[in-house]
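This report goes through one protein model with its ligand. Please look at the sequence and the structure below before reading on.

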Amino acid sequence: MAPVGPRSGDAIFANMERVNAELFTLTYGATVRQLLTDLEEVDEVNKQLDQMGYNIGIRLVDEFLAKSNVSRCVDFKETAEVIAKVGFKMFLGVTASVTNWDADGTCCSIVLEDNPLVDFVELPDTCQGLYYCNILSGVIRGALEMVSNTSSFAQPSIPSFLWDVSLKTEVTWIRDVLRGDDAYELQVKLVKQVPEEYPYKDD
Ligand code: MYR
């Protein structure tokens, strides 16, 4: 019989992390299931998941900045890398890669090989049009509205520390393993950069 003794802190934390991740995955699944019951139409569920993600995303940036050592990104390319490598790791426990940049650096894909949201998930035929992970597109869209890039918007008349730039994006699924594709791929398209001047005047 194997000796029974105190388990190392690392083992306990690893186990807690696994349990937390499973609980999160199951809770998300229960939320999607409830939305399907309540809203009946998969298109409505897709919209609702996106909106829930957006509401989370606009709040996530503060936590992200508080917990990470990341400072302001210089452009959209750096921001996309930070989301894929640091943001996904922090909030989902996996990293993603950024690919398929267009020529002017305003459109890219974030590709996830591993997606803990879909552990234990199999979609029935009645859910064919469902974007099960649509919460993620909303999270990215919301988070990007709250970040500010220092040099991507030039406004020479105002000192750079007095303005922020909100990034308005469209985020759409290109590939989805639950729909038979080989990976999860989100296209992130920068539509507009909106300068937000601080309401601050030094008289
Ligand atoms: C800045 O330029 O202000 C820093 C930009 C940091 C953006 C980080 C946003 C984190 C959102 C993570 C999304 C995770 C999805 C699961």
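Which helices each supply at least two residues of the shell around the ligand? They are α2 (42–67), α3 (76–92) and α4 (134–146). The model is a predicted one, in which local features need pLDDT of at least 70 and side-chain atom pairs count only at pLDDT 80 or more, while totals for chains, interfaces and linings use all residues. Residue numbers start from 1 along each chain as its sequence is written.

**Overall layout**

The protein chain holds four helices and four strands, and along the sequence their pattern is α-α-α-β-β-α-β-β. Helices (H or I, at least four residues) and strands (E, at least two) are DSSP runs, numbered from the N terminus. Of the 203 residues in the protein chain, 23% are buried. A residue is buried if 20 or more other C-beta atoms lie within 10 Å of its own, exposed if 12 or fewer, and partly exposed in between, with C-beta atoms placed from the backbone. Among contacts between residues at least 6 apart in sequence, 63% join residues at least 24 apart; a contact means that the two C-beta atoms, placed from the backbone, lie within 7 Å.

**Around the ligand**

The ligand is surrounded by 20 residues, and the closest are Phe 64, Cys 73, Gly 87, Ala 143 and Val 147. To be near a molecule, a residue needs its C-beta atom, placed from the backbone, within 6 Å of it. By class the shell has 15 nonpolar, four polar and one charged residues. Ala, Val, Leu, Ile, Met, Phe, Trp, Tyr, Cys and Pro count as nonpolar, Asp, Glu, Lys and Arg as charged, and the others, Gly among them, as polar.

Helix α3 gives the most to this shell, with seven residues. The buried residues of α3 include Ile 83 and Gly 87. A kink of about 35° in α3 is centred on Ile 83, where the bend is the angle between axes fitted to the seven residues ending there and the seven starting there.

The axes of α2 and α4 come within 6 Å and cross at roughly 35°. These axes are lines fitted to C-alpha atoms over the stretch in contact, and angles run from 0 to 180 degrees between N-to-C directions. The contact of α2 with α4 has 13 nonpolar, nine polar and three charged residues.

**Positive phi angles**

Most residues other than glycine have a negative phi. Three residues with a positive phi are listed here.

| Residue | Place | Phi |
|---|---|---|
| Gly 93 | just after α3 | about 80° |
| Asn 100 | loop between β1 (97–99) and β2 (107–112) | about 55° |
| Phe 120 | loop between β2 and α4 | near 70° |

Asn 100 counts as partly exposed because it has 13 C-beta neighbours inside 10 Å. Phe 120 counts as exposed because it has 8 C-beta neighbours inside 10 Å.

**Strand β3 and the loop after it**

Trp 173 lies in strand β3 (residues 163–175). With 18 C-beta neighbours inside 10 Å, Trp 173 counts as partly exposed. Leaving aside neighbours within four places in sequence, Trp 173 is in contact with Tyr 131, Ser 137 and Leu 186. Leu 190 is 17 residues from Trp 173 along the chain, and their C-alpha atoms are separated by 15 Å.

Asp 181 is in the loop between β3 and β4 (184–197). With 12 other C-beta atoms within 10 Å, Asp 181 is exposed. Outside its neighbours within four places in sequence, Asp 181 is in contact with Arg 175 and Asp 176.
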